[in-house]
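Welcome! Please take a moment with the sequence and the 3D view, and then try the exercises below at your own pace.

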Amino acid sequence: PWTLPGNLAVAVGEDIAYARITDGDDHYWIAKARAAAVFGEDPNLVAEAMGSDIVGASYRPPFDYFSSEREAGAFRVISSPEVNFDEGTGLVHMAPAYGEADFYALKAAGIESLVDPVNAEGEFTELVPEVSGLNVKVADDTLIDLLRASGSLVHADRVTHSYPFCERTGTPLIYKAIPTWFIRVEDIKDRMVEINDTIHWVPDYV
């Protein structure tokens with residue numbers, strides 16, 4: 001849940017069949033094969049489409065902290081080969097600041113935006129005021145409550161899966177885009193070798 005404030009797109013599989021379900025006044029798209037699992041045995045199906053047909057559609061994001069990003073092409077349906085319907089809904093929330101596949105899928109769709117309301121300590125910043133200062137994992141329950149209060153939560157469940165932890169501290173780790181510099185070593189390789197030959201290395205095999 002902590003990645004949801006950074007949502008900028010939803011991905012579908014182009015060759016997956018989707019169904020539009022009505023539930024009261026609300027309408028939802030879901031992989032047709034997952035409709036009964038999420039909405040019960042007899043969901044009110046009002047339309048069908050392939051994923052390729054709904055690519056480009058806009059949607060209301062789970063949180064509106066970064067609604068201005070819509071002008072840059074965010075909050076629309078994109079395609080991704082990573083999407084399947086083994087579980088969940090067959091639609092995948094994409095937060096490019098917190099996932100490599102998300103980052104490249106948005107880039108391929110021409111969406112260059114990158115929002116990141118999490119600081120280097122893994123705490124939410126004031127950009128998400130309701131959980132500002134909280135560690136991302138501590139904020140999960142509050143974010144779910146906010147989704148429930150806004151009427152955006154259809155179903156909540158816990159899923160057990162492998163997760164990376166720091167071997168030294170036991171702290172849960174997160175994936176997070178950060179600014180990075182790279183040196184084009186190929187352009188200076190010959191000069192480096194030349195200078196290395198003038199250095200007295202100890203031990204000499206270095």
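Here are six short exercises, each with a worked solution.

This is a predicted model, in which local features need pLDDT of at least 70, side-chain atom pairs count only at pLDDT 80 or more, and totals for chains, interfaces and linings use all residues. Residues are numbered from 1 along each chain as its sequence is written, and side-chain values use heavy atoms, with hydrogens and water left out.

**Exercise 1. Find out which residues have the most contacts inside the largest nonpolar core, and which elements give two or more residues to this core.**

Step 1: Start with the terms. A nonpolar core is a set of buried Ala, Val, Leu, Ile, Met, Phe, Trp, Tyr and Cys residues joined through side-chain atoms within 4.5 Å. Buried means under 20% relative accessible area, exposed means over 50%, and partly exposed lies in between (1.4 Å probe, protein chains only).

Step 2: The largest core has 22 residues, and L8, Y18, I54, I78, M94 and L106 have the most contacts inside it. Two or more residues come from each of β1 (9-12), β5 and α3 (100-108), and β1 gives the largest share, 4 residues. Helices (H or I, at least four residues) and strands (E, at least two) are DSSP runs, numbered from the N terminus.

Step 3: Look around I54. Not counting residues up to four places away in sequence, I54 touches V12, Y18, W29, A49 and V77, where contact means heavy atoms within 4.5 Å.

Step 4: Another core, of 14 residues, lies apart from the largest one; A97, A139, L143 and L147 are among its members. As background, nonpolar side chains in soluble globular proteins tend to be buried together.

**Exercise 2. Locate G6 and decide whether G6 is buried or exposed.**

Step 1: G6 sits in the segment before β1.

Step 2: G6 counts as buried because its relative accessibility is 0%.

Step 3: Leaving aside neighbours within four places in sequence, the contacts of G6 are M94, A95, P96, Y98 and V115. The C-alpha atoms of G6 and S113 are 10 Å apart in space, while the two residues are 107 residues apart in sequence.

**Exercise 3. Work out how far the nearest side chain of opposite charge is from R34.**

Step 1: R34 belongs to the loop between β3 (26-31) and α1 (35-39).

Step 2: For charge, Lys and Arg count as positive and Asp and Glu as negative; His and the chain ends are not counted. A salt bridge is a side-chain nitrogen of Lys or Arg within 4 Å of a carboxyl oxygen of Asp or Glu.

Step 3: The nearest side chain of opposite charge is E87, 6.9 Å away; R34 is buried yet has no salt bridge. Leaving out residues up to four places away in sequence, R34 touches F85, D86, E87, G88 and T89.

**Exercise 4. Count the salt bridges, and then examine the pairs of D116 and D145.**

Step 1: The count comes to 8 salt bridges.

Step 2: D116 pairs with K176, with the closest N and O atoms 2.2 Å apart. D116 lies in the loop between α3 and α4 (136-150) and K176 in the loop between α4 and α5, so this pair ties together parts that are 60 residues apart in sequence.

Step 3: D145 forms a salt bridge with R148, and the closest N and O atoms are 3.1 Å apart. Both D145 and R148 lie in helix α4, 3 residues apart, about one turn of the helix.

**Exercise 5. Compare where P62 and S68 are found and what surrounds P62.**

Step 1: P62 is in the loop between α2 and β5, and S68 is found in the loop between α2 (51-54) and β5 (76-79).

Step 2: P62 is partly exposed, at 22% relative accessible area, whereas S68 is exposed, at 53%.

Step 3: Apart from neighbours within four places in sequence, P62 is in contact with L4, N7, L147 and S152. P62 and P5 are 57 residues apart in sequence and 7.2 Å apart in space, C-alpha to C-alpha.

**Exercise 6. Identify where Y205 lies and decide whether Y205 is buried or exposed.**

Step 1: Y205 lies in the segment after α5 (189-196).

Step 2: Y205 is exposed, because its relative accessible area is 71%.
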